[in-house]
Amino acid sequence: MSSSTELSPYLKQQPFVAFDTETTGLWAPSNRIVEIAAVRFFLGNERETTFHSLVNPQKSIPPEVIAVHGITDEMVAEAPPASVALREFIRFCGDDAILLAHNAPFDISFIGCELDRAGMKFGDQLILDTVDLFKRYFPGLVSYSLLSLSQHFSIAQKQQHRALADAVMVKQLFQLVAGKLGDLKSAADFSHTASVYHMSDWQARYTTLPEEHNDLNRALQQNLKVQITYESSSRKITTRIIHPRHYYQLGSVYYINAYCERSQEERTFRLD
């Protein structure tokens with residue numbers, strides 16, 4: 001681990017929050033968070049505080065995902081919804097911390113989508129990605145996965161795939177790489193040494209659809225049902241009846257959030 005003597009005075013005074021999520025799947029617009037956890041700490045100081053919450057995704061967790069993290073429908077049945085858990089997470093982070101995650105765009109995209117669903121906003125704190133940091137300062141490693149890095153640097157030999165345990169591993173990895181960041185004097189200096197993210201970068205923009213999709217705009221405005229033919233990511237084509245709830249845009253891609261009669265639950269469909 002980095003010793004405090006290798007750190008700039010700013011880094012020793014700056015609070016950090018390492019966080020992690022577990023989810024119902026890999027694609028944020030159509031999946032949900034089932035667990036979120038974080039560790040708040042200062043470099044060169046052994047004291048830390050932790051946050052942890054299971055989250056009721058309000059949909060079934062697929063068996064293949066349960067096989068990874070072990071979180072079942074029964075475990076989250078009495079858990080708070082994402083809106084409540086994220087409110088506590090935001091309070092825990094505060095507005096003074098720099099956030100850390102491993103493969104940060106994944107976790108940020110899920111939190112951003114959940115914030116959109118709840119009509120909530122996050123602060124403008126910087127978020128650093130430990131994958132990016134280790135690729136910059138430890139180039140040439142075989143793998144930059146959380147488990148591989150933890151094994152390589154003798155942090156842990158196994159990964160639980162649970163949010164709090166993984167957040168602790170992220171904290172320990174950052175402690176190891178922090179001494180290589182140089183004489184940073186403010187949060188603005190991170191942009192010179194790492195890729196910097198913000199939660200707002202990954203929140204959707206609610207919108208109306210382009211003119212060529214006026215029929216879908218009319219369906220939303222008049223509360224009409226729509227029959228669609230949809231090709232999934234696995235190339236399976238199905239015909240569905242949906243009730244559009246809203247349309248939103250992530251990057252250049254439009255999405256339809258709708259109640260699907262076929263699955264009898266809310267789903268998200270890529271318009272392209």
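Student: How does helix α6 lie with respect to β4 and β5, and at what angle does α6 run to β5?

Tutor: Helix α6 (residues 130-137) lies across β4 and β5, and the direction of α6 makes about 50 degrees with that of β5. That angle is taken between N-to-C directions on a scale from 0 to 180 degrees, the axes being lines fitted to C-alpha atoms, for helices over the stretch in contact. The elements are DSSP runs numbered from the N terminus, H or I of at least four residues for a helix and E of at least two for a strand. The model is predicted, so that local features need pLDDT of at least 70 and side-chain atom pairs count only at pLDDT 80 or more, while totals for chains, interfaces and linings use all residues. Residues are numbered from 1 along each chain as its sequence is written, and side-chain values use heavy atoms, with hydrogens and water left out.

Student: How do you know that β4 and β5 pair?

Tutor: Two strands pair if DSSP finds at least two bridges between them. Strand β4 (residues 98-101) and strand β5 (residues 127-129) run parallel and are joined by 3 bridges, so the criterion is met. Within this pairing, Leu 100 stands opposite Leu 128 of β5.

Student: What makes β3 and β6 edge strands?

Tutor: The sheet is open and mixed in its pairing, with 6 strands in the order β3-β2-β1-β4-β5-β6. β3 (48-54) and β6 (196-197) each have a single partner strand, so one side of each has no neighbour in the sheet. Helix α4 packs on this sheet, touching β1 (15-23), β2 (33-42), β3 and β4, where touching means heavy atoms within 4.5 Å. The direction of α4 makes about 10 degrees with that of β2.

Student: How is β1 joined to β2, and how to β4?

Tutor: β1 pairs with β2 in the antiparallel sense over 9 bridges, with Ile 36 of β2 as the bridge partner of Thr 21. On β4, β1 runs parallel and is joined by 3 bridges, and there Val 17 stands opposite Leu 99.

Student: Why is β1 called mostly covered?

Tutor: A residue is buried under 20% relative accessible area, exposed over 50%, and partly exposed in between, with a 1.4 Å probe and protein chains only. In β1, 9 of 9 residues are buried. Both faces are covered, with Pro 15, Val 17, Phe 19, Thr 21 and Thr 23 on one side and Phe 16, Ala 18, Asp 20 and Glu 22 on the other.

Student: Why is the pair of Phe 16 and Phe 174 called tilted?

Tutor: Rings of Phe, Tyr and Trp (its six-membered ring) pair if their centres lie within 6.5 Å, and planes under 30 degrees apart count as stacked, over 60 as edge-to-face and the rest as tilted. By this rule there are 13 aromatic pairs. The centres of Phe 16 and Phe 174 are 4.8 Å apart and their planes make 50 degrees, which gives a tilted pair. Phe 16 belongs to strand β1 and Phe 174 to helix α8 (residues 163-177), 158 residues apart, and both are buried.

Student: What makes the pair of Tyr 230 and Phe 269 edge-to-face?

Tutor: Their centres are 4.8 Å apart and their planes make 75 degrees, so the pair falls in the class over 60 degrees. Tyr 230 lies in strand β8 (residues 226-231) and Phe 269 in strand β11 (residues 265-270), so the pair ties together parts 39 residues apart in sequence. Tyr 230 is buried at 17% relative accessible area, and Phe 269 is buried at 4%.

Student: Why is Asn 103 called partly exposed, and why does Asn 223 count as exposed?

Tutor: Asn 103 has a relative accessible area of 40% and is therefore partly exposed, whereas Asn 223, at 67%, counts as exposed. Asn 103 sits in the loop between β4 and α5, and Asn 223 in the loop between α9 (214-221) and β8.

Student: What is the phi of Asn 103, and what is that of Asn 223?

Tutor: Asn 103 has a positive phi of about 60 degrees although it is not a glycine, and the phi of Asn 223 is likewise positive, near 60 degrees. Most residues other than glycine have a negative phi.
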